[in-house]
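Thanks, everyone, for making the time. I would like to walk through one structure with you this morning, so please keep the sequence and the model in view while I talk.

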Amino acid sequence: MPRQTLLPAGDAARRLGISLDTLRRWDRDGRIRTQRDAANRRVVPLSEIERLRGSEPHELSARNRFRGVVREVKVEGLLAQVELEAGPFRVVAVVTREAVDELGLEPGVQATALVKSTSVLLER
């Protein structure tokens, strides 16, 4: 019988696009099935994440993907500026504060910037 892939609760929450508190609440309410590891930490089977997300992957038309690490998050009012270090590239995005909270974006977290633009104009 193959071993089941188990993810730490924080990683599972990120994959589901929810907060860790929401994952814990779903566990208490029976909405998600979790297990405990040897250190009594909550872990989530990958099959549970797939069940909750559905079998259909999200298809996006954006071709430019920059995988990197969040270096800085500046929140002001309803908006946030997120700086992502992706190899030799530095990507800065302005998003809602809510998006930052939902994605758990903070310095040191891995994230992917998806860029789709018909034109980018810069002049000096």
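In the hairpin that β5 and β6 form, 2 residues lie between the strands, and G87 takes a positive phi near 60°. I should say at once that this is a predicted model, so please hear each value as computed from that prediction. The two strands of this hairpin, β5 and β6, run antiparallel and are joined by 8 bridges, and within that pairing L79 stands opposite T96 in β6.

On its other side of the discussion, so to speak, β5 also has β4 to consider. Strand β4, residues 64-76, runs antiparallel to strand β5, residues 79-86, with 7 bridges joining them, and one of the pairings puts V69 of β4 with E85 as its bridge partner in β5. These strands, β4 and β5, likewise form a hairpin with 2 residues between them, and in that turn G77 has a positive phi of about 65°.

Now to the surface. L79, which we met opposite T96, joins L78 and V94 in a nonpolar patch on the surface, and together the three have about 340 Å² of accessible area. V94 belongs to strand β6, residues 89-96, and it counts as exposed because its relative accessibility is 58%, where the cut-off for exposed is over 50%.

What about L105, in the loop between α4 (97-103) and β7 (110-115): is it buried or exposed? L105 is buried, since its relative accessible area is 16% and the limit for buried is under 20%. Leaving out residues up to four places away in sequence, L105 touches V70, V73, V82, V100 and A111. L105 and V69 are 36 residues apart in sequence, yet 9.6 Å apart in space, measuring from C-alpha to C-alpha.

Let me finish with the interior. The largest nonpolar core has 11 residues, among them L7, L16, W26, V44 and I49. Helices α1 (9-16) and α2 (20-29) each supply at least two residues of this core, and α1 gives the most, with 4 residues. There is also a second, separate core of 9 residues, which includes V70, A80, V100 and A111. Coming back to V44 of the largest core, its contacts, apart from neighbours within four places in sequence, are T5, L6, L7, A12, L23, I32, R33, T34 and I49.

Key: Residues are numbered from 1 along each chain as its sequence is written. This is a predicted model: local features need pLDDT of at least 70, side-chain atom pairs count only at pLDDT 80 or more; totals for chains, interfaces and linings use all residues. Side-chain values use heavy atoms; hydrogens and water are left out. Patches are made of residues with over 30% relative accessible area and no salt bridge: like charges are joined within 9 Å, nonpolar side chains (Val, Leu, Ile, Met, Phe, Trp, Tyr) within 5 Å. Accessible areas come from the Shrake-Rupley method with a 1.4 Å probe; for residues, only the protein chains shown count as cover. A salt bridge is a side-chain nitrogen of Lys or Arg within 4 Å of a carboxyl oxygen of Asp or Glu. Buried means under 20% relative accessible area, exposed over 50%, partly exposed in between (1.4 Å probe, protein chains only). Contact means heavy atoms within 4.5 Å. Two strands pair if DSSP finds at least two bridges between them. A nonpolar core is a set of buried Ala, Val, Leu, Ile, Met, Phe, Trp, Tyr and Cys residues joined through side-chain atoms within 4.5 Å.
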